[in-house]
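The exercises below are meant to be worked through with the sequence and the coordinates at hand. Each task is followed by a solution that proceeds step by step.

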Amino acid sequence: MAETEVQPLEINDALFCPHWKEVCTECPGFDTREENDAYLGWDPIDRQGIECEPAILTKDGTYQCKKHGTPSQLFPMPVSLQINIDISVDCNQCYNWKKILTRARAAAKKAGKK
Ligand SMILES: [Zn+2]
Ligand SMILES: [Zn+2]
């Protein structure tokens, strides 16, 4: 696999490219499905890459998901413009990797049975 220069974002311990994807057409060679499955203690399988809800830095220095954050508290600075990002976001819906990845894996297994 080609070396990728992309610096991954670490969002609640899961890795994504700066476009908030596990597998990205704009970042050749970038693929963190294996890392993210392994983080939950699972064997990697061939599944669809998941996408992460974008997070935004707020005025008080914490991060919120764009979807459920309060717009008036948000900085106009996308996280993806920063480097070496390792953030935790307090949203149980958008960043519940166990739930999201369970769904992605179930879909892959179902598709594989055809
Ligand atoms: Zn990307
Ligand atoms: Zn959210």
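**Exercise 1. Trace the salt bridge of Arg33 and state where its two partners lie and whether each is buried or exposed.**

Step 1. In this predicted model, the side chains of Arg33 and Asp46 meet in a salt bridge, with a distance of 3.3 Å from N to O.

Step 2. Arg33 belongs to helix H1 whereas Asp46 sits in the loop between H1 and E3, so the pair ties together parts that are 13 residues apart in sequence.

Step 3. Arg33 has a relative accessible area of 19%, and because buried means under 20%, Arg33 is buried. Asp46, with a relative accessible area of 67%, is exposed.

**Exercise 2. Find which residues are joined into one network by salt bridges that share partners, and describe the pairs Glu22 with Arg47 and Asp37 with Arg105.**

Step 1. Begin with the total: the structure holds five salt bridges.

Step 2. One of the five is formed by Glu22 and Arg47, whose closest N and O atoms are 2.7 Å apart. This pair links distant parts of the chain, since Glu22 is in the loop between E2 and helix H1 (33–39) and Arg47 is in the loop between H1 and E3, 25 residues apart.

Step 3. Both partners count as buried, Glu22 at 0% relative accessibility and Arg47 at 3%.

Step 4. Asp37 forms a salt bridge with Arg105, and here the closest N and O atoms are 3.1 Å apart. Asp37 lies in helix H1 and Arg105 in helix H2 (residues 97–112), so this pair ties together parts that are 68 residues apart in sequence.

Step 5. Asp37 is buried with a relative accessible area of 0%, and Arg105 likewise counts as buried, at 10% relative accessibility. Salt bridges that share partners join Glu22, Asp37, Arg47 and Arg105 into one network.

**Exercise 3. Describe the surroundings of Glu22 beyond its salt bridge, and then those of Ile45.**

Step 1. A polar atom of the Glu22 side chain lies 2.7 Å from the backbone nitrogen of Ile50.

Step 2. Leaving aside residues up to four places away in sequence, Glu22 touches a set of residues that includes Leu15, Phe16, Phe30, Asn36, Gly49 and Leu101. Arg33 and Arg47 are also among the residues that Glu22 touches.

Step 3. Ile45 is found in the loop between H1 and E3 and, at 25% relative accessibility, counts as partly exposed. With the same exclusion of residues up to four places away in sequence, Ile45 touches Asp37, Arg105, Ala108 and Lys109, so the contacts of Ile45 include both partners of the Asp37 and Arg105 salt bridge.

Step 4. Ile45 and Arg33 are 12 residues apart in sequence, and their C-alpha atoms are 8.3 Å apart in space.

**Exercise 4. Identify the protein donors of the zinc ion (ligand 1) and assign the geometry of the site.**

Step 1. The protein donors are Cys17 (SG), His19 (ND1), Cys24 (SG) and Cys27 (SG), which lie 2.0 to 2.3 Å from the zinc ion (ligand 1). Along the chain, these donors follow the spacing C-x1-H-x4-C-x2-C.

Step 2. The angles among the four donor atoms are 102 to 114°, and the site is tetrahedral. For reference, the ideal angle for four tetrahedral donors is 109.5 degrees.

Step 3. Among the donor residues, His19 is partly exposed, with a relative accessible area of 32%, whereas Cys27 is buried, with a relative accessible area of 4%.

**Exercise 5. Work out the strand order of the open sheet and the pairing of E3 with E4.**

Step 1. The open sheet has three strands in the order E2-E1-E6, with mixed pairing. Strand E2 (14–16) and strand E6 (86–87) stand at the edges with a single partner strand each, so one side of each is left without a neighbour in the sheet.

Step 2. Strand E1 (residues 9–11) and E6 pair in the parallel sense over two bridges, and Ile11 stands opposite Ile87 in E6.

Step 3. E3 and strand E4 (residues 63–65) run antiparallel and are joined by three bridges, with Ile56 opposite Gln64 in E4. Four residues lie between the strands of this hairpin, in which Gly61 takes a positive phi near 85°.

Step 4. From strand E3 (residues 55–58), Ala55 and Leu57 point one way and Ile56 and Thr58 the other way, and all are buried.

Methods: Residues numbered from 1 in each chain as written. Chains lettered and ligands numbered in written order. Predicted model: local features only at pLDDT ≥ 70, side-chain atom pairs only at ≥ 80, totals over all residues. Heavy atoms only, no water. Buried < 20%, exposed > 50% of the residue type's maximum accessible area, 1.4 Å probe, protein only. Pairing = 2+ DSSP bridges. Salt bridge = Lys/Arg side-chain N within 4 Å of Asp/Glu carboxyl O. Donors = N, O, S within 2.8 Å, 3.2 Å for Na, K, Ca; no water. Tetrahedral: all angles 85-135°; square planar, octahedral: opposite > 155°, others 65-115°. Polar contact = N/O pair within 3.5 Å; in protein donor to acceptor, adjacent residues only side chain to side chain. Contact = heavy atoms within 4.5 Å.
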